[in-house]
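Please look over the sequence and the 3D structure below. The report that follows goes through a few places in it, one heading at a time.

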Amino acid sequence: MKIFSSRSVVVIGFCLFAISSQAQVPSINSVKLEPRFWSDIPGATIVTAANYPSQILFYEVGVSAPTGWANRDLWRFSNDGGATAYAFGNNDFFQASMTLTLTGTPISPRKEAGFILNSIGGDGQFIVNTDSHEVVAFGGPFPFYAFPSTFDSGETITLGLHYFLNGDGKRAIIYTANGVSSPPLEFTNLEQGIIDGSTLGGYFQIVSDPANPFNGGSALFQNITIVPEPSTLALLSVGLLGLLARRRG
């Protein structure tokens, strides 16, 4: 029977400590609701409803004015009952998903909705829209990816984000739309991942139409989930423990 030396056990123990000290998403228990995060057309009528995690609704009508570009309504994940938005760190690995129904009346000018990551490096968005019929991720630190499938106003789509360490120890993301996944995409920004202090949630944006006083739409977010994702290094800790057990056997 062969066992590890005391030095090997110390090294493994140190590795496990380093692994366990990595940040992960805490228990998200609510969302911070922020209707009219942008309010270019304050005279529009807005209706909101929030019952996290089952559903969040934004509905606006009358988004029509001679000046101003768009209204944007926002919700962000919170771990303190909705008092503040949770600030994600570079190593806060997670899996998040939601079912989204976006409608536009009419479909143009653009109505769009989806995931949004707000950060000092710009907004990362994974969205659908009514006029270009896109299912696309772009902006901020998010690697660009466009799904070949299209989206039409009134359809329901399930969107997902999987932020993790890949086999090379680099931060990566996988986007999913109705069960179809992008390839793992590595981050290329300076931080090589989500920027410390970023917030994550969903948004609805509706562009003003000065010629149509009935311009409006809605975004219904349902079945919202977010759970911690063990990093590749955390999984490595399990392998180290298993190896130690085998060598002791």
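## Gly 139

In this predicted model, Gly 139 has a relative accessible area of 26%. That value lies between the 20% limit for buried and the 50% limit for exposed, so Gly 139 counts as partly exposed. The residue sits in the loop between β8 (135–138) and β9.

Leaving out residues up to four places away in sequence, Gly 139 touches Asp 123, Gly 124 and Gln 125. Take Gln 125 from that list: 14 residues separate Gln 125 from Gly 139 in sequence, while their C-alpha atoms are 6.0 Å apart in space.

## Ser 198

Ser 198 is also found in a loop, the one between β13 (185–186) and β14 (199–207). Is Ser 198 buried or exposed? Its relative accessible area is 0%, and because buried means under 20%, Ser 198 is buried.

Its contacts, not counting neighbours within four places in sequence, are Tyr 86, Ala 87, Phe 88, Leu 117, Asn 118 and Ser 119. Asn 118 is 80 residues away from Ser 198 along the sequence, yet the C-alpha to C-alpha distance is 5.5 Å. The side chain of Ser 198 also reaches the backbone oxygen of Ile 195, at 2.6 Å.

## The open sheet

Seven strands make up an open sheet, and their order is β1-β4-β14-β6-β7-β8-β9. The pairing in this sheet is antiparallel. At its edges are β1 (30–39) and β9 (145–146), each of which pairs on one side only.

How many bridges join β1 to strand β4? There are seven, and the two strands run antiparallel, with β4 covering residues 70–78. One of the residues to look at here is Ser 39, whose bridge partner in β4 is Asn 71. As a general point, side chains in a regular strand alternate between the two faces of the sheet.

## Asn 71

Asn 71 belongs to strand β4. Its relative accessibility is 0%, so Asn 71 counts as buried.

What does the side chain of Asn 71 reach at 2.9 Å? The partner is the backbone nitrogen of Ile 41. A polar contact of 3.1 Å also links the side chain of Asn 71 with that of Glu 60. Beyond neighbours within four places in sequence, the residues in contact with Asn 71 include Arg 36, Trp 38, Ser 39, Val 63, Phe 204 and Ile 206.

## A hairpin

Strands β2 (residues 45–51) and β3 (residues 55–61) pair in the antiparallel sense over seven bridges. A hairpin of three residues connects β2 to β3. Asn 51 stands opposite Gln 55, which is in β3.

## Nonpolar cores

In soluble globular proteins, nonpolar side chains tend to be buried together. The largest nonpolar core here has 49 residues. Within this core, Phe 94, Tyr 175, Phe 221 and Ile 226 touch the most other members. Another core lies apart from it and has five residues, among them Ile 116, Ile 127, Val 136 and Tyr 203.

Phe 94 can be followed further. Not counting residues up to four places away in sequence, Phe 94 touches several residues, including Val 25, Phe 88, Leu 161, Tyr 163, Ile 194, Leu 200 and Ile 226. His 162, Pro 228 and Glu 229 are also among the residues that Phe 94 touches.

How values were computed
Residues are numbered from 1 along each chain as its sequence is written. This is a predicted model: local features need pLDDT of at least 70, side-chain atom pairs count only at pLDDT 80 or more; totals for chains, interfaces and linings use all residues. Side-chain values use heavy atoms; hydrogens and water are left out. A nonpolar core is a set of buried Ala, Val, Leu, Ile, Met, Phe, Trp, Tyr and Cys residues joined through side-chain atoms within 4.5 Å. Buried means under 20% relative accessible area, exposed over 50%, partly exposed in between (1.4 Å probe, protein chains only). Contact means heavy atoms within 4.5 Å. Two strands pair if DSSP finds at least two bridges between them. Helices (H or I, at least four residues) and strands (E, at least two) are DSSP runs, numbered from the N terminus. A polar contact is a pair of N or O atoms within 3.5 Å; within protein, one must be able to donate a hydrogen and the other to accept it, and residues adjacent in sequence count only if both atoms are side-chain atoms.
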